[in-house]
Amino acid sequence: MCGLVGIADISLSPERANSSLQQMMAVLEHRGPDGGGTFNALDCGIYLGHRRLAIIDPEHGKQPMTSEDGQVTVVFNGAIYNYLELRRELIGKGHPIRSYSDTEALLYAYREWGDRCVDRFLGMFAFAIFDRGNRRLFCARDRIGIKPFYYAFDAKSLIFASEIKAILASGYVQATPNMAGLQDYLTFQFCLGEKTLFKGVEKLEPGCCMTVQIGDDSLSVETRQYWDVSYEIDDSHGEAWFVDHLAGLIEDATRIHLRSDVPLGAHLSGGLDSSVLVCIAADCLKGERIKTFTGAFSEGPQFDETAYAKAVAAFAGTDYHEVYIPGSDLADVLPQLMYYMDEPLAGPGVIPQYYVSKLAAKHVKVVLGGQGGDELFIGYARYLVAYLEKCLSGAIFETANRNPYAVTLASIVPNLPLLQTYKPMLQGLWKDGLFESSDSRYFKLVDRSEGMSTLLARGLFDGNYSPYESFLKIFNRNALGSLINRMTYFDLKASLPALLHVEDRTSMAASIESRVPFLDHRIVEFMARIPPNIKFAGGRMKHLFKEAVKNTVPSVVLERKDKMGFPTPITQWTQGVARDFVRDTLLSDRARRRGIYNFSEVENALNNQKEFGRVVWGILCLELWHRVHIDGEYRLHM
């Protein structure tokens with residue numbers, strides 16, 4: 001992984017542009033501590049910069065990289081895992097590839113296939129290619145959104161970078177809150193679509209590309225979607241075939257994600273997803289003991305899964321490392337995380353991910369992670385909760401047999417004990433709106449606000465934007481069909497990118513590369529085509545996945561029924577060792593002067609926190625985000 005930056009502005013003086021470029025690169029040094037470089041094409045107003053974390057062919061992959069004829073230059077962040085196969089094919093077509101760098105393979109893939117080169121890549125990527133002959137920039141982001149790409153555009157200038165802070169450092173954009181993005185954050189704890197929390201800054205969405213045509217005194221920018229997942233059902237195979245094919249895809253994806261010229265390890269939480277990756281990787285790396293990294297908390301057994309992680313480590317023969325995460329550091333760590341994250345997102349799980357990444361960085365430069373397993377293989381309890389209500393409705397109103405892929409109440413009953421620890425979710429969903437439309441019910445399941453909007457001052461929003469309407473545009477996309485496909489599609493397009501944002505920033509803060517084999521687009525496309533009554537048979541979460549990997553991991557992990565993600569004792573901390581920090585932050589004169597909070601409600605929230613609740617966490621992160629990025633209080637690079 002690396003960090004890229006760029007400016008396209010034909011009217012800008014070279015001195016001003018290069019000064020801005022250097023400032024942008026400086027704040028991304030953590031993404032690329034192994035070196036940096038710049039490129040400019042003054043006649044076109046193009047300025048590119050790159051910070052490098054050397055992973056593949058460290059000696060020859062320096063960027064920006066220019067083709068042998070000088071016509072095409074690229075800055076690239078990510079990894080193209082099929083670069084060896086592309087290299088062979090491109091050499092066969094006459095391209096002068098000299099190295100084993102995936103960057104060079106990407107560069108000449110563009111020369112060969114133009115914009116459609118993205119269809120040939122298996123990997124995670126965000127890149128910008130300057131095509132001198134056509135006076136254009138071609139930028140693209142990988143299909144799933146593993147790697148980030150942000151930009152700010154007006155008629156004369158385009159600024160882009162791997163992180164928002166670099167765009168702010170350019171001096172082109174002022175740090176101002178985006179009120180529509182803030183409404184999304186209060187609802188989901190992430191922003192939908194192209195929005196960010198910063199006014200004037202957007203993200204290139206997953207599976208999208210952007211073409212920038214350079215005129216004599218202006219730019220024209222066009223974005224388009226080059227990939228989306230298809231849910232066209234494959235009715236020609238049975239469950240056994242799907243299980244066998246999925247097992248092969250997971251093994252091949254893990255194998256190809258192991259391509260690296262530097263030391264490699266893996267996150268190991270004790271859950272099924274990371275355990276599968278560790279066991280397959282250990283088998284692929286015969287003769288080499290893979291290093292694994294685990295995080296835990298000492299606040300209670302519900303926050304400590306090291307027993308399971310150690311069982312997997314022993315089974316796979318890994319070199320096991322662990323870290324216990326202290327709540328006493330929250331006052332120091334959370335502002336750092338707000339700086340690295342740019343936007344507060346996706347819950348307190350960001351804290352253990354940060355600590356585990358720092359632990360891993362002491363031993364390796366690349367780690368594998370299990371992100372995407374819950375979205376692809378149907379692992380979230382909310383899927384089962386939504387189907388329970390749907391099945392009750394079908395049984396009562398005799399509509400269950402109208403859909404050939406429907407899950408019935410009788411089939412789902414044996415799996416309901418999995419919901420024993422999700423009583424608050426059930427109570428929250430069923431306190432009102434029972435049997436209303438599927439979209440409104442799933443919106444309620446993903447709505448993280450818990451009344452958070454009451455903590456903000458009245459009249460803060462103008463009423464012209466609705467997070468629910470934005471949700472509907474994704475959830476009700478054409479041709480999704482069944483409820484399970486609609487739910488997992490929303491998560492793939494909305495909540496998963498927020499988790500990948502955390503994955504990217506926490507790993508990059510530690511200057512290591514994180515890879516997510518389950519998000520190989522071949523697996524994503526394969527799972528989408530499986531009939532819903534097979535992949536979610538009887539409401540069994542991760543049913544096909546478990547069948548595919550049942551001989552891969554120890555039974556103590558395969559048969560677990562108590563896994564709850566990566567629970568963090570944030571409530572214990574905010575009411576205990578970090579109480580003064582939280583109250584001093586949220587009830588300070590500085591927060592009061594901001595004019596956006598309803599302080600009687602903030603104080604009420606502080607005095608009535610729920611375990612695993614997100615209200616205090618969400619408002620605390622919002623205030624720290626204001627301090628770090630809007631007020632400019634905290635800077636790592638001075």
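**Entry 1: strand pairing**

I began with Val-72, and in this predicted model I found that Val-72 stands opposite Asp-131 in S6. I then looked up how S5 and S6 pair, and they do so in the antiparallel sense, over nine bridges. Stepping back to the sheet, I noted an open arrangement of six strands in the order S4-S5-S6-S7-S11-S12, with antiparallel pairing. Strand S4 (65-66) and strand S12 (219-225) stand at the edges with a single partner strand each, so one side of each has no neighbour in the sheet.

**Entry 2: salt bridges**

I next turned to charged pairs, and the search returned 36 salt bridges in the structure. I looked at three of them by name, and then at a network.

The pair I took up to begin with was Asp-43 and Arg-132, which form a salt bridge with the closest N and O atoms 3.2 Å apart. Asp-43 sits in the loop between strand S2 (36-41) and strand S3 (46-52), while Arg-132 sits in the loop between strand S6 (123-131) and strand S7 (136-141), so the pair ties together parts that are 89 residues apart in sequence. I checked exposure on both sides: Asp-43 is partly exposed, with a relative accessible area of 46%, and Arg-132 is partly exposed as well, with a value of 26%.

I then recorded Glu-89 and Arg-120, whose side chains meet in a salt bridge at 2.8 Å, N to O. Here Glu-89 belongs to helix H2 (residues 83-92) and Arg-120 to the loop between H3 and S6, so that the pair links distant parts of the chain, 31 residues apart. Glu-89 has a relative accessible area of 30% and is partly exposed, and Arg-120, at 31%, is also partly exposed.

For the third pair I chose Arg-522 and Asp-252, whose side chains meet in a salt bridge at 2.8 Å, N to O. This pair also links distant parts of the chain, with Arg-522 in helix H18 (residues 521-529) and Asp-252 in helix H6 (residues 239-256), 270 residues apart. I noted that Arg-522 is partly exposed, with a relative accessible area of 24%.

Beyond these pairs, I wrote down a network of salt bridges that links Arg-31, Lys-147, Glu-163, Lys-165, Asp-342, Asp-504 and Arg-505.

**Entry 3: cavities**

I wanted to know what empty space the model encloses, and a search of the whole structure gave six cavities of 30 Å³ or more.

The largest cavity holds about 210 Å³ of space. I counted on the listing of its lining, which has 21 residues, and those nearest the centre are Cys-191, Lys-203, Pro-497, Ala-498 and His-501. Helix H17 (residues 483-509) gives the most to this lining, with six residues. When I sorted the lining of the largest cavity by class, I had 12 nonpolar, three polar and six charged residues.

The second largest cavity has a volume of about 120 Å³. It is lined by 15 residues, and Cys-2, Leu-53, Ile-56, Gly-78 and Asp-102 come closest to its centre. I asked which elements give two or more residues to this lining, and they are strand S5 (72-80), helix H3 (102-113) and strand S17 (513-515). The largest share, three residues, comes from S5, the strand that I had already noted as a partner of S6. By class, the lining of the second largest cavity has seven nonpolar, four polar and four charged residues.

**Entry 4: cysteines**

Having met Cys-2 at the second largest cavity, I went on to look for disulfides, and the structure holds zero of them. Cys-2 is in no disulfide, and the nearest cysteine sulfur, which belongs to Cys-139, is 16 Å away. With a relative accessibility of 6%, Cys-2 counts as buried, the cut-off for that class being under 20%.

I looked up Cys-208 too, which is likewise in no disulfide, with the nearest cysteine sulfur, that of Cys-209, 7.2 Å away. A disulfide would need the two sulfur atoms within 2.5 Å, so I left this pair as unbonded. Cys-208 has a relative accessible area of 12% and is buried.

Definitions and conventions:
Residues numbered from 1 in each chain as written. Predicted model: local features only at pLDDT ≥ 70, side-chain atom pairs only at ≥ 80, totals over all residues. Heavy atoms only, no water. 1 Å grid on protein atoms, 1.4 Å probe; cavity = no way out; pocket = protein on both sides within 12 Å on 5 of 7 lines; lining within 4 Å. Points joined across faces, edges and corners; volume = space filled by probe spheres on them. Helix = DSSP H or I, 4+ residues; strand = E, 2+ residues; numbered from the N terminus. Nonpolar A, V, L, I, M, F, W, Y, C, P; charged D, E, K, R; others polar. Salt bridge = Lys/Arg side-chain N within 4 Å of Asp/Glu carboxyl O. Buried < 20%, exposed > 50% of the residue type's maximum accessible area, 1.4 Å probe, protein only. Pairing = 2+ DSSP bridges.
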